[in-house]
Structures are given as C-alpha cells and as structure tokens.
Amino acid sequence: MSQIFVFVDDTSMSSLPDVALQMAASLSKTYSKQICLLAISESDSDFESKSSLLSKLNAECVASDFRVLKKDEDFTEFMEQTEASMLLFQVEDKRSQVMSYLKLCRGLRIPYFFCRAEHKVAFTNILVPVTFLIEDREKGPFASSFGRFFSARVTLLMPKDYGSRAQQTIDAIDVLLEKAGVVHDIMQGSKDSFKVEREASEVALSKGYDLVICSASREYGIDDIVFGPRELKAIRKSSVPVMLINPRSDLYTLCG
C-alpha cells in the first residue's frame, strides 16, 4: 500500500511536526493511504536509537509506520521502492533548511509539501499560479484531484505576461477542470511568470486560500545557487502550505 511520508528532522527528533501530521491525516483519510514517519540516520551506530525513538513517537500520533533511511542511501530510489505517494516537510523560516530539502527532492516524481507551525490545515480553496512553462500543465491533474476528492474550489492565477504561452496553459487546465466538474475560476495576477508563484504564496492567506501549487525549477543556474531558486522564495514567503511538483523530462522537451 502506498504511503504518505512525513519527514522528521534529525535536529528536532524530540518534537513532532504537528502541522505536517495534521495535513497528512487529512490527506490519508481522503485518499485512503497510510502515514509513515521518515527520518534520515547519520550512521549505523544511531540507527537503532532513532528507530526506538520513532517507535515511541509513532505511538503518540496518527502514523502507522516509520522508516529510517541511511544517509548514504539514494533518497529518490528509496521513495520509488516504497511507492511513496506524497511527502510532507514542516519547516522553519531558514534558508539552509528549506534548500536542503529542495535538493533532496530534486529527483522525485511525487508531490511534496512544505508547511510551518503557524499554518492552517485545510484543502477547500486551492490557488494555482500558472507560468509560461509548458510543464505547468502538470498542475492541472493535481488541482483536479483536490477539486474532486476535497470538493475544493480551484483558482488559476494568470501571470502578467506579454506572450500567449501562459494563456494556452491556463486554457488547457481550464478544460481539464471543466470536464472533471471542478468548481474553478481564473484570476489575473500582477506579476509575470518569473514571480507569479511568489505572488501567489504572499497573497494566499489574505485572499482565503489554503494551499498553493507550485513547480520546482527545471535546473539550478548561477542565480539560483547564489540567491536561491524561485520555489525557495515562494516557500519562505508563503502564508499557507505550498505543494511542489517537479518538471517531467520524460513528458516534455525541456528547452528554451
């Protein structure tokens, strides 16, 4: 049975990521999936102690399983072998922490969520910023899923671009949501495609949204390495949880 994984940071093993677990509980109930705690072990010597602690924590929360991954094991391969369906992180507003998780998830083909201790847990209003990148069409099926399983209302946030590429993606997602019977609308944003996801994260709470769906960067350029990729900025500025999906090179020709 595929599982929803909730990451437990090495540095905070004494406390549970309560908001991430609440989100996982809601997702678990709706999608009928088990919850599994996940930690990364520094070495063989502390594997047993961490497993023992996780067992104790497991008895106090909604999780039904736990896994401890050795630090030298391949994270992406592990997630694929366990047939993970989703991954949740509860973070603080620390650049290094969020960036380390983003790098960890670069090879994943499942959605991964970022939340903070002050975030509210709900999936009734979903905000989907759309850029000119063709792989943003992948946001459509996930938005549709929240609409169908949570009866969520979906809003597509249109960037203020000069070209028509973003509009074409908006139209494609609009058709998909219409066919699925998902209640949705389209809202004009004030930023272009390079900043529309950050705009969505910043205004989500004030406009009554519960979750923002963003895409991870295709590749990290020099600016991304120095200043951080756009998804890092969106997560750190977000007033609500953020769900990330990675571009699929096997579906699209990622060029230009």
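1. Contacts along the chain. Of the contacts in the protein with a separation of 6 or more, 79% are between residues 24 or more positions apart. The model is a predicted one, and every value in this note should be read with that in mind.

2. Overall make-up. The protein has 256 residues, and 51% of them are buried. Its secondary structure consists of 9 helices and 10 strands.

3. Surface. The accessible surface of the protein is about 12,200 Å². Carbon and sulfur atoms account for 50% of that surface.

4. Positive patch. Which residues form a positive surface patch? They are Arg95, Lys103, Lys191, Lys195 and Lys233. One of them, Arg95, is part of helix α4, which covers residues 95-104. Is Arg95 partly exposed or buried? Its relative accessibility is 31%, so Arg95 counts as partly exposed; the partly exposed class lies between the buried limit of under 20% and the exposed limit of over 50%.

5. Negative patch. A negative surface patch also appears, made up of Asp72, Glu73, Asp74, Glu77 and Glu80. Where is Asp72? Asp72 sits in the loop that runs between β3 (65-70) and α3 (75-81). Asp72 has a relative accessible area of 72% and is therefore exposed, as the exposed class begins over 50%.

6. Points to check on the structure. For the positive patch, start from Arg95 in helix α4. For the negative patch, start from Asp72 in the loop between β3 and α3. Arg95 is partly exposed, whereas Asp72 is exposed.

Conventions
Residues are numbered from 1 along each chain as its sequence is written. This is a predicted model: local features need pLDDT of at least 70, side-chain atom pairs count only at pLDDT 80 or more; totals for chains, interfaces and linings use all residues. Side-chain values use heavy atoms; hydrogens and water are left out. Patches are made of residues with over 30% relative accessible area and no salt bridge: like charges are joined within 9 Å, nonpolar side chains (Val, Leu, Ile, Met, Phe, Trp, Tyr) within 5 Å. Accessible areas come from the Shrake-Rupley method with a 1.4 Å probe; for residues, only the protein chains shown count as cover. A salt bridge is a side-chain nitrogen of Lys or Arg within 4 Å of a carboxyl oxygen of Asp or Glu. Lys and Arg count as positive and Asp and Glu as negative; His and the chain ends are not counted. The place of a charge is taken as NZ of Lys, CZ of Arg, CG of Asp or CD of Glu. Helices (H or I, at least four residues) and strands (E, at least two) are DSSP runs, numbered from the N terminus. Buried means under 20% relative accessible area, exposed over 50%, partly exposed in between (1.4 Å probe, protein chains only). Contact means heavy atoms within 4.5 Å.
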